[in-house]
Amino acid sequence: MTQKARFISGAVCPSCQLVDKLVLEDIDGVSTRRCVRCGFNDSLELESDAELADRQQAENDTQTGEWQPIRFKE
Ligand SMILES: [Zn+2]
């Protein structure tokens with residue numbers, strides 16, 4: 001088998017609540033949890049998205065204070 005899937009021992013599927021049915025797969029460099037029983041899957045990339053949103057929020061906070069013009073070299 002060439003598939004890069006491995007079972008996550010003790011992991012409970014959020015969808016069907018069964019234990020040891022979740023596999024961890026690496027799809028295009030993105031870690032994905034998938035349930036072999038019900039077909040549930042979610043990307044662990046969501047965590048980094050939340051992190052990114054936090055960063056954007058911080059940037060918005062600084063921008064509301066002082067506005068600086070950006071100059072491009074010609
Ligand atoms: Zn499931």
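The mean pLDDT of the protein is 80, with 73% of its residues at 70 or more, and the coordinates come from a predicted model.

**Exercise 1. Confidence and overall content**

Determine which element of the protein has the lowest mean pLDDT and which has the highest, and set out the pattern of elements along the sequence.

Solution. Begin with the inventory: the secondary structure comes to one helix and four strands, and along the sequence these elements follow the pattern β-β-β-β-α. Next, consider confidence by element: helix H1, residues 46-65, has the lowest mean pLDDT, 64, whereas strand E3 has the highest, 91. As a caution for reading the helix, where pLDDT is low, the predicted coordinates should not be read in detail. Finally, turn to the totals for the chain: buried residues make up 4% of the 74 residues, and, among contacts between residues at least 6 apart in sequence, 11% join residues at least 24 apart.

**Exercise 2. The sheet**

Work out the order of the strands in the sheet and explain why one side of E1 and of E4 is left without a neighbour.

Solution. The sheet is open and consists of four strands in the order E1-E2-E3-E4, with antiparallel pairing. Strand E1 (5-7) and strand E4 stand at the edges and have a single partner strand each, so one side of each is left without a neighbour in the sheet. From one strand to the next, the twist averages 25°.

**Exercise 3. Two hairpins**

For the pairs E2 with E3 and E3 with E4, find how many bridges join the strands, and then locate the residue of positive phi in the hairpin of E2 and E3 and in that of E3 and E4.

Solution. Take the pair E2 and E3 to begin with: residues 22-27 and residues 30-35 pair in the antiparallel sense over six bridges. Within this ladder, Leu22 has Cys35 of E3 as its bridge partner, while Val23 has Arg34. Two residues separate the strands of this hairpin, and Asp28 in the turn has a positive phi of about 50°. Asp28 is a residue other than glycine, and with 5 C-beta neighbours inside 10 Å it counts as exposed, the cut-off for that class being 12 or fewer.

Continue with E3 and E4 (residues 41-43), which pair in the antiparallel sense over three bridges; here Arg33 stands opposite Asp42 in E4. The hairpin of E3 and E4 has five residues between the strands, and Gly39 takes a positive phi near 90°.

**Exercise 4. The loop between E1 and E2**

Decide whether Val12 and Asp20 are buried, partly exposed or exposed, and describe the surroundings of Val12.

Solution. Val12 has its place in the loop between E1 and E2, and Asp20 lies in the loop between E1 and E2 as well. For Val12, the count is 14 other C-beta atoms within 10 Å; a buried residue would need 20 or more, and an exposed one would have 12 or fewer, so a count between these limits gives the class partly exposed. For Asp20, the count is also 14 other C-beta atoms within 10 Å, and Asp20 is therefore partly exposed.

Then consider the surroundings: leaving aside neighbours within four places in sequence, Val12 is in contact with Gln17 and Val19. Val12 and Cys35 are 23 residues apart in sequence, and their C-alpha atoms are 9.3 Å apart in space. As for the backbone of Asp20, its phi is positive, about 65°, although Asp20 is not a glycine.

Key. Residues numbered from 1 in each chain as written. Predicted model: local features only at pLDDT ≥ 70, side-chain atom pairs only at ≥ 80, totals over all residues. Pairing = 2+ DSSP bridges. Axes fitted to C-alpha atoms, helices over the stretch in contact; angles between N-to-C directions. pLDDT = per-residue confidence, 0-100. Contact = placed C-beta atoms within 7 Å.
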